[in-house]
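Trainee: I would like to take a close look at one part of this model, and then have it placed in the context of the rest. Could you take me through it slowly?

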Amino acid sequence: MTTTDLPVVPHWVDGARLTPAGSATAPVFDPARGVATRRVGLADADLVDRAVRSAAAAFPAWRDTSIAKRQAVLFRFRELLAGRKDELARIITAEHGKVLSDAAGEIQRGLEVVELATGFPHLVKGEFSENVSTGIDVYSFKQPLGVVGIVSPFNFPAMVPMWFFPVAIAAGNAVVLKPSEKDPSAAVWMAELWQEAGLPDGVFTVVHGDRAAVDGLLAHPDVASISFVGSTPVARHVYETAARHGKRVQALGGAKNHMLVLPDADLDLAADQAVNAGFGSAGERCMAISVVLAVEPVADELVAKVRERIEGLRVGDGTRGPDMGPLVTGEHRDRVASYIDVAAADGAKVVVDGRDVRPDGDADGFWLGPTLLDDVPTTSRAYTEEIFGPVLCVVRVKSFDEGVALINAGELGNGTAVFTADGGAARRFQNEVEVGMIGVNVPIPVPVAYYSFGGWKQSLFGDARAYGPQAFDFFTRAKAVTSRWLDPATHGGVDLGFPRNDG
Ligand code: NAD
């Protein structure tokens, strides 16, 4: 079979699969075998326009659907997803490569947001003040925005879209999702699930594509907002372009997360967690730990413990139950691996070289084993750039202050963690670091659904974080009504003065 004969992952428009003849496509790989298994359609501006118009047409009826009926659809979606998550996990593993248990984990974290959204009636309530002036009441209420765009990255094909769409839909919006073209099938599967849950056609739309599809959404006059997650340069482009087109926008960018290990820390716990957070999902997590800052004199001992644990890790095809799967594409694997030479040339010690891995999987898979680099100079690109793969850098520092200064010198401020037995040091750490999400003896501090998620600095453009309370504000806009029902006794007659409340 040539790649042109491969099945095409369809768009989802008007509640139906759509595969326009003759349109451009891109290959989708099984990373554990290193072969293309499908192709995905790449939407052009016309197809994006068709998708947005379908969503815009579905919006008014959905907005006016009662809260109780919208809630019932959300509960059905939640039940269907919880019951069939193994099916979705297999789809994720087949295109992303992460191990099945990890795919199930991301669905579980997405489900949390669906569950949060089922409680939306309480979170979109308005306010009422009686008699702000004699006979005058003021009240506010929140309405949905209209058509909202979501653009998601490859690393969480189910969870990241679920950071946004449950709340957006609950609040009465119509969603157009542009998932990553590297693992597009999960989005279509979730669209079909929404339909089964009773969501009207057009309220959840999926268009696949690359930059052209994203730019089509950013410029479309009927798209009210953009929720983007991806690398920092693209997040900046999305933020600036969407804002220029008058849209509300939240754009979450890249990460370079540091874990500070103080000399009083439980080093076994720290080593376990550095390995879990460094190599889980092959390091392709925005909350992965990519730098361990080891405060002397414990660096030698810590590096030895991390190395020992890495040697016990099994790398292989995610369906066979290993600890770590392949990387998402061959190109990405090569880019990540190139940092090993960069770091070595800059003077780092290559303690474990992931290029030597012997995986339990097809030889053509996109493999790179866990890699440990010690004494990485902070001037090296291996330290300054986001690698987004299974490469853990150790930087040795002399003090808490030196470690915090390094964390704060970075341009990215997504997540960080401190490992210590000293509550005072932990408290100082959480106070001083310029980072949005902080773990204390917890390496991947992804907040639960009822706290919003987002980093500082160039890890988040815009002022609204994902899910949690901020999502209900992002996906609605408020109206304030000042109301007087006249009766002859309170009629004030002609008065050109500015309205005041002290009457
Ligand atoms: P990416 O920036 O390459 O792609 C993200 C999305 O943008 C995809 O849908 C892609 O099709 C689209 N895109 C790519 N280039 C574009 C361009 N020039 N113009 C417009 N759209 C474009 O990111 P990725 O490789 O899919 O994902 C990994 C990145 O995402 C990492 O940097 C990671 O840190 C980041 N990420 C951040 C968070 C967070 O919460 N901050 C969460 C997950 C991933």
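Trainee: Is arginine 381 buried, exposed or partly exposed, and what is its relative accessible area?

Mentor: Please keep in mind throughout that this is a predicted model. Arginine 381 is partly exposed, with a relative accessible area of 40%, and the class follows because buried is reserved for values under 20% and exposed for values over 50%. The side chain of arginine 381 meets that of glutamate 385 in a salt bridge, with 3.0 Å from N to O. Glutamate 385, at 28% relative accessibility, likewise counts as partly exposed. As background, side chains of opposite charge can pair when their charged atoms come close.

That pair belongs to a wider set, for the count of salt bridges comes to 34, and two other pairs are worth setting beside it. In one of them, glutamate 87 and arginine 84 join their side chains at 3.1 Å, again taken from N to O; glutamate 87 has a relative accessible area of 31% and is partly exposed, while arginine 84, with 27%, is also partly exposed. In the other, aspartate 272 forms a salt bridge with arginine 309, and the closest N and O atoms there are 2.4 Å apart. Because aspartate 272 lies in helix 10 (residues 267-279) and arginine 309 in helix 11, this pair ties together parts that are 37 residues apart in sequence. Aspartate 272 itself counts as partly exposed, at 33% relative accessibility.

Salt bridges also link residues into a network, whose members are Glu296, Asp300, Lys349, Asp374, Asp375 and Arg396. One of these members has a further feature in the backbone: glutamate 296 is joined to proline 297 by a cis peptide bond, with omega at about 20°. Proline 297 is found in the loop between strand 14 (289-295) and helix 11 (299-311), and helix 11 is the element that holds arginine 309 of the pair described above.

Two other places deserve attention if you are checking the backbone. Asparagine 131, although not a glycine, has a positive phi of about 55°, and it lies in strand 6 (residues 127-133). Its relative accessibility of 48% makes asparagine 131 partly exposed. Tyrosine 467, another residue that is not a glycine, has a positive phi near 40° and sits in the loop between strand 22 (460-461) and helix 16 (468-474). With a relative accessible area of 2%, tyrosine 467 is buried.

An acidic residue in a helix can be read in a similar way. Aspartate 102 is placed in helix 4 (residues 100-118) and, at 15% relative accessibility, counts as buried. Once its neighbours within four places in sequence are left aside, aspartate 102 is in contact with Ser281 and Arg285.

Turning to the ligand, 28 residues surround it, and the closest are Lys178, Glu181, Ser231, Gly253 and Glu386. An oxygen atom of the ligand is 2.7 Å from an N or O atom in the side chain of lysine 178, and a distance of 2.7 Å also separates a ligand oxygen atom from an N or O atom in the side chain of serine 231. From phenylalanine 154 the approach is made by the backbone, where an N or O atom lies 3.0 Å from an oxygen atom of the ligand. On its own the ligand has 830 Å² of accessible area, and the protein covers 88% of that.

Finally, there is a part of the surface that is nonpolar. Val448, Tyr450 and Tyr451 make a nonpolar surface patch of about 340 Å². Tyrosine 450 lies in the loop between strand 20 (437-440) and strand 21 (456-457), and with a relative accessible area of 56% it is exposed. Apart from neighbours within four places in sequence, tyrosine 450 is in contact with Leu116, Gly468 and Pro469. As for its separation from another part of the chain, the C-alpha atoms of tyrosine 450 and alanine 405 are 31 Å apart, with these positions 45 residues apart along the chain.

To return to your starting point, arginine 381 is partly exposed, and its side chain forms a salt bridge with that of glutamate 385.

Methods
Residues are numbered from 1 along each chain as its sequence is written. This is a predicted model: local features need pLDDT of at least 70, side-chain atom pairs count only at pLDDT 80 or more; totals for chains, interfaces and linings use all residues. Side-chain values use heavy atoms; hydrogens and water are left out. Patches are made of residues with over 30% relative accessible area and no salt bridge: like charges are joined within 9 Å, nonpolar side chains (Val, Leu, Ile, Met, Phe, Trp, Tyr) within 5 Å. Accessible areas come from the Shrake-Rupley method with a 1.4 Å probe; for residues, only the protein chains shown count as cover. A salt bridge is a side-chain nitrogen of Lys or Arg within 4 Å of a carboxyl oxygen of Asp or Glu. Helices (H or I, at least four residues) and strands (E, at least two) are DSSP runs, numbered from the N terminus. Buried means under 20% relative accessible area, exposed over 50%, partly exposed in between (1.4 Å probe, protein chains only). Contact means heavy atoms within 4.5 Å. A residue is near a molecule or strand if one of its heavy atoms lies within 4 Å of it. A polar contact is a pair of N or O atoms within 3.5 Å; within protein, one must be able to donate a hydrogen and the other to accept it, and residues adjacent in sequence count only if both atoms are side-chain atoms.
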